[in-house]
Amino acid sequence: MTAITRAEVAHLATLARLDLTETELDHYAQQLDVILQSVARVSEIATADIPATSHPLPLENVFRDDIARPCLDRAEVLAAAPAHEDDRFRVPRILDEEV
Amino acid sequence: MPITGSDLTRQTAAVLAEAIRTGEASAVEVTQAHLDRISSVDDRVHAFLYVDAEAAIDSARSVDAKRSAGEVLGPLAGVPLALKDVLTMRGVPTTCGSRMLENWRPPYDSSVVERLRAADIVILGKTNMDEFAMGSSTEHSAYGPSHNPWDLDRIPGGSGGGSAAALAAFEAPLAIGTDTGGSIRQPAAVTGTVGVKPTYGGVPRYGLVALASSLDQAGPCARTVMDTALLHSIIAGYDPRDSTSINAPVPNVVAAAAKADVRGMRIGIVAELNGEGYQAGVAQRFRESLAILEHLGAEIVEVGCPSFEYALGAYYLILPSEASSNLARFDGMRYGLRVGDDGSHSVEQVMSLTREAGFGAEVKRRIMLGTYALSSGYYDAYYGSAQKVRTLIMRDFASAFESVDVLVSPTAPTTAFKIGEKVDDPLAMYLNDIATIPVNLAGNAAMSLPVGLAPEDGLPVGFQIMAPPMADDRLYLVGAALESALYDQWGHLLIEEAPAL
Amino acid sequence: MSTAMPETIPYDEALNLFEPVFGLEVHVEMGTNSKMFCGCPTAFGGEPNTQVCPVCLGLPGSMPVVNRTAVESTIRIGLALNCTIAEWCRFARKNYFYPDMPKDYQISQYDEPLCSNGYLDVTVATAEGPKVVRVEIERVHMEEDTGKLTHTGGATGRIHGADYSLVDYNRAGIPLIEIVTKPVAGAGHLVADVAKAYVAELRDLMRALGVSDVRMEEGSLRCDVNLSLNKPGSPMGTRSETKNVNSLRSVERAVRSEVERQSALLTAGGRVVQETRHFHEDIGRSTSGRSKEQAEDYRYFPEPDLVPIAPSAVWIDELRSTLPELPSAKRSRLEAEWGITPFELATVVNAGALDLVEETIEAGVESAAARKWWTGELLRSANDQGIELADLPVTPAHIARVEALVADGSLNDKLARQVFEGVIAGEGDVDEVIASRGLAVVSDDTALLAAIDEALVAQPDVAEKIRSGKVQAAGAIVGAVMKSTRGQADAAKVRALLLERLGVTDA
Ligand SMILES: [Mg+2]
Ligand SMILES: [Zn+2]
């Protein structure tokens with residue numbers, strides 16, 4: 001496995017929406033590298049013929065009936081919001097791709 | 001198995017429930033005694049993040065009222081309980097040990113809380129934990145560590161250290177924990193208490209703030225095997241709000257705990273979890289326990305689970321991957337902390353600033369790790385391989401359970417370590433879970449119960465029992481038999497040796 | 001400095017130079033009672049944030065449970081699109097941060113779609129007659145919708161320049177079905193028509209299956225249009241992805257404008273950038289967005305909060321047996337039954353009048369009359385009001401009643417129109433409108449003869465012409481009588497009475 005670089009850590013932080021400090025970037029670059037080298041051992045026995053397991057129990061086809069149920073009280077929901085206006089959640093401006 | 005003395009806080013849950021049913025003690029008295037105990041010791045133990053004395057007394061009062069009205073009370077009605085702060089409870093702060101949710105009061109009850117309420121159990125408050133259940137010491141709580149009642153300079157385990165410490169400090173006879181890689185069992189081991197991780201899907205996860213969805217499982221914690229069984233039977237069972245919940249009858253764990261019989265059972269020692277890396281006193285008490293079980297009529301054999309040595313690696317890929325996604329929702333938009341919303345920052349920046357400020361070091365570390373393991377180009381090598389290892393571990397368990405009824409190992413490699421000792425060494429911290437992790441990967445049930453103090457440090461040692469999925473009752477058969485034999489040997493429960501504080 | 005090149009090349013000219021390849025990703029909101037993973041209602045237009053619960057708000061601890069009807073609808077769509085239904089598949093999480101997405105991941109399907117490898121045949125009109133084009137379907141899968149953002153402040157009301165945004169999560173978690181085509185090549189000059197016809201066909205299919213009423217004006221069908229051009233004989237070109245294409249007309253316009261833009265770029269020696277473009281309904285054009293080089297890494301992985309779906313053969317067969325007659329089969333049948341051409345049927349289909357015409361015919365009205373009303377007078381009225389035909393207060397029963405009255409001479413065509421005008425204006429049913437407006441045909445011979453005499457007196461020269469055998473001059477008198485009776489007379493009857501009065505026989 002290739003070692004993880006500081007630039008990769010910075011990219012990961014962007015993907016994960018973490019505004020890491022320079023110190024953290026250094027710190028995590030070093031720590032993640034150590035951890036990854038340790039956990040990467042899994043590939044030693046994970047051969048192509050072994051199926052992957054995503055769920056610990058073999059459950060299938062779990063559904064609910066299409067019935068509408070009561071909703072939460074809006075006042076209670078909005079009371080927990082950092083900001084709200086006009087019965088909606090207020091969020092900072094979005095820098096989007098639209099021009 | 002009564003605990004000596006008349007102090008209400010030193011009784012088992014079963015005894016307290018009986019006293020409340022017969023009117024020997026009122027639920028209010030019982031609750032008040034525990035609230036008083038919390039007042040007198042929790043500044044040192046720091047098991048609780050939140051105590052709602054008023055609400056607790058109110059629910060105790062309603063239990064007393066039901067009794068007065070001639071209603072039949074449930075098996076744990078009126079008994080106080082400490083709830084891990086990772087389960088939602090309507091209107092009550094649910095922080096998950098994180099600044100991110102410092103003032104969040106959920107608008108809904110978790111299924112576990114619903115069931116506790118329905119059983120008339122008195123919820124005292126919310127217990128401390130490693131932030132979002134990431135850790136093995138509660139040192140990663142944003143609100144400061146909990147302390148081990150056996151030695152306040154030591155960790156009470158994690159992530160459910162608060163729940164375990166509350167039991168060991170006699171602040172509550174019952175507690176709820178959650179176990180993703182050992183967070184019920186390892187705290188139980190280092191605090192001399194009992195904890196069970198039920199079969200995955202055995203206890204509903206609805207309202208359990210997810211760390212790693214395919215590994216998380218809530219479970220019962222107490223000071224005796226029977227109390228644990230009584231609580232287990234209340235919180236377990238199918239819930240249509242959890243798609244991963246098992247729609248089948250819950251194994252009769254209470255009957256198993258009462259039976260306490262290992263005669264004719266085959267008990268397998270996992271070779272890979274018995275050898276190097278275990279503290280001498282831990283290994284010694286483990287061996288002694290095996291001798292007791294053999295004496296009680298069980299056959300002890302050794303079985304190999306060769307893939308277990310890869311379990312830690314698989315776990316530290318699967319858990320961070322799922323966690324990185326589960327914790328994405330903490331973005332400061334709908335609830336919880338928001339940082340940097342001063343009009344100059346965009347929503348992307350506010351999300352990043354919020355997450356940077358709201359999450360602690362371990363959470364960020366695992367989010368980064370998981371983000372990496374899932375990212376394109378690395379998925380197959382990391383996440384994909386980990387999922388294959390998971391298959392191999394399940395196969396190891398399956399083949400072991402063809403020849404034995406349960407598997408056993410020490411719960412944790414060491415007794416409680418000093419606060420601060422491993423906090424900056426993630427790999428050393430991760431090793432605490434080496435013996436508990438395989439069970440989570442495979443979805444099995446497992447228990448930790450106390451089997452003595454390590455001679456070298458006088459701290460509790462935990463013994464782990466592992467059963468196949470939906471054979472949770474076997475844990476109680478074996479655990480209760482071992483507990484009973486040790487009780488006979490010592491003349492009391494181990495927990496009674498805990499310092500008075 | 002290079003000489004200025006044109007920004008666009010006209011559509012047909014462009015397609016003489018290049019071969020287009022298009023692909024469509026269509027998202028349709030399903031018409032279930034409850035959301036994809038929770039029991040919140042899906043009704044459109046509710047008060048903001050009143051149709052939310054812990055699950056669709058993504059509150060910590062909440063967990064999704066799959067709506068069975070959504071799965072069944074998806075399988076039925078898959079069957080109708082001739083797809084293979086997966087024997088075993090899972091949901092996946094698509095991870096990216098956006099404030100309209102409560103969990104900051106979308107539960108979708110990734111490499112294991114429920115339905116795959118199907119096709120849909122669409123018919124487009126050409127100068128040489130109707131042409132059938134097969135559009136191959138890559139996959140059909142389920143996912144959840146996001147919340148709705150409103151941008152506040154700034155000048156335009158768009159994201160760009162807004163001071164902040166407001167989020168309503170009522171729409172979050174509504175079941176979406178995503179239907180993705182394989183690249184469609186070879187459409188040539190018909191590319192825009194084929195794309196549009198495909199979406200129209202899908203819409204009709206959804207409606208026929210009853211899985212969605214596809215209200216485009218409510219945004220319940222949304223398309224992403226992929227398009228690339230290549231020189232004949234060359235490999236497929238670089239494609240752009242135009243998002244936000246939310247009406248049939250826009251599908252056509254998005255394809256056209258992209259053909260015109262890309263061809264100009266390529267002709268000028270430039271290259272097409274693989275990018276996301278945003279379509280603006282108001283100007284009928286797209287603008288450039290984020291280029292794919294900076295695309296998100298969605299970090300898909302199997303959704304651990306849900307278990308796999310493994311539809312049994314029995315279940316699939318059951319669902320297959322619920323499939324209604326599909327629109328294309330229905331069209332063939334109706335063409336035969338009604339004795340009309342594909343073009344005539346297309347007029348009915350395009351008017352959204354197929355079911356209405358069918359019901360009207362079932363109510364006893366002649367095919368021609370049923371079609372005439374729905375695709376003529378009534379369609380104009382609906383268009384004027386900007387509503388669907390089905391939303392007019394006129395019913396097939398009304399038309400049957402009017403036609404019966406026309407047949408027995410109580411109404412004429414002009415009066416019938418006035419009757420519908422009244423029904424549409426909310427004046428009541430057919431008989432009520434006739435009564436209140438006094439619209440009955442004047443059938444009293446005495447009254448008509450009086451009006452005829454009056455007209456003959458007023459136009460003596462015309463009267464004379466008719467008497468002398470110029471029967472064709474009768475029209476002027478009939479017209480005058482119709483006018484004096486405010487149209488409430490049966491013109492044929494007036495003519496007969498007139499000729500009788502003058503003793504002239506109709507040669
Ligand atoms: Mg999609
Ligand atoms: Zn909902």
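What follows is a walk through two metal sites in chain C and the surroundings of one serine in chain A, all taken from a predicted model.

The zinc ion (ligand 2) is held by the SG atoms of Cys38(C), Cys40(C), Cys53(C) and Cys56(C), which lie 2.3 Å from it. Along the chain these donors follow the spacing C-x1-C-x12-C-x2-C, and the angles among the four donor atoms, 100 to 118 degrees, make the site tetrahedral. For comparison, the ideal angle for four tetrahedral donors is 109.5 degrees. Within this set, Cys53(C) and Cys56(C) are both buried.

The magnesium ion (ligand 1) has its protein donors in two glutamates, with two OE entries from Glu143(C) and one from Glu178(C), at 2.0 to 2.5 Å from the ion. Because Glu143(C) belongs to strand β7 (residues 129–144) and Glu178(C) to strand β10 (residues 175–181), both of chain C, the pair ties together parts that are 35 residues apart in sequence. Both glutamates, Glu143(C) and Glu178(C), are buried.

Turning to chain A, Ser54(A) sits in the loop between α2 (22–39) and β1 (63–64), and because its relative accessibility is 7%, under the 20% limit, Ser54(A) counts as buried. Its side chain makes a polar contact of 2.7 Å with the side chain of His55(A), while another polar contact, also of 2.7 Å, joins the side chain of Ser54(A) to that of Arg90(C). When neighbours within four places in sequence are left aside, Ser54(A) is in contact with Ser214(B), Gln387(B) and Arg390(B) from chain B, and with Arg90(C) and Pro302(C) from chain C.

Note on methods: Residues numbered from 1 in each chain as written. Chains lettered and ligands numbered in written order. Predicted model: local features only at pLDDT ≥ 70, side-chain atom pairs only at ≥ 80, totals over all residues. Heavy atoms only, no water. Donors = N, O, S within 2.8 Å, 3.2 Å for Na, K, Ca; no water. Helix = DSSP H or I, 4+ residues; strand = E, 2+ residues; numbered from the N terminus. Buried < 20%, exposed > 50% of the residue type's maximum accessible area, 1.4 Å probe, protein only. Polar contact = N/O pair within 3.5 Å; in protein donor to acceptor, adjacent residues only side chain to side chain. Contact = heavy atoms within 4.5 Å. Tetrahedral: all angles 85-135°; square planar, octahedral: opposite > 155°, others 65-115°.
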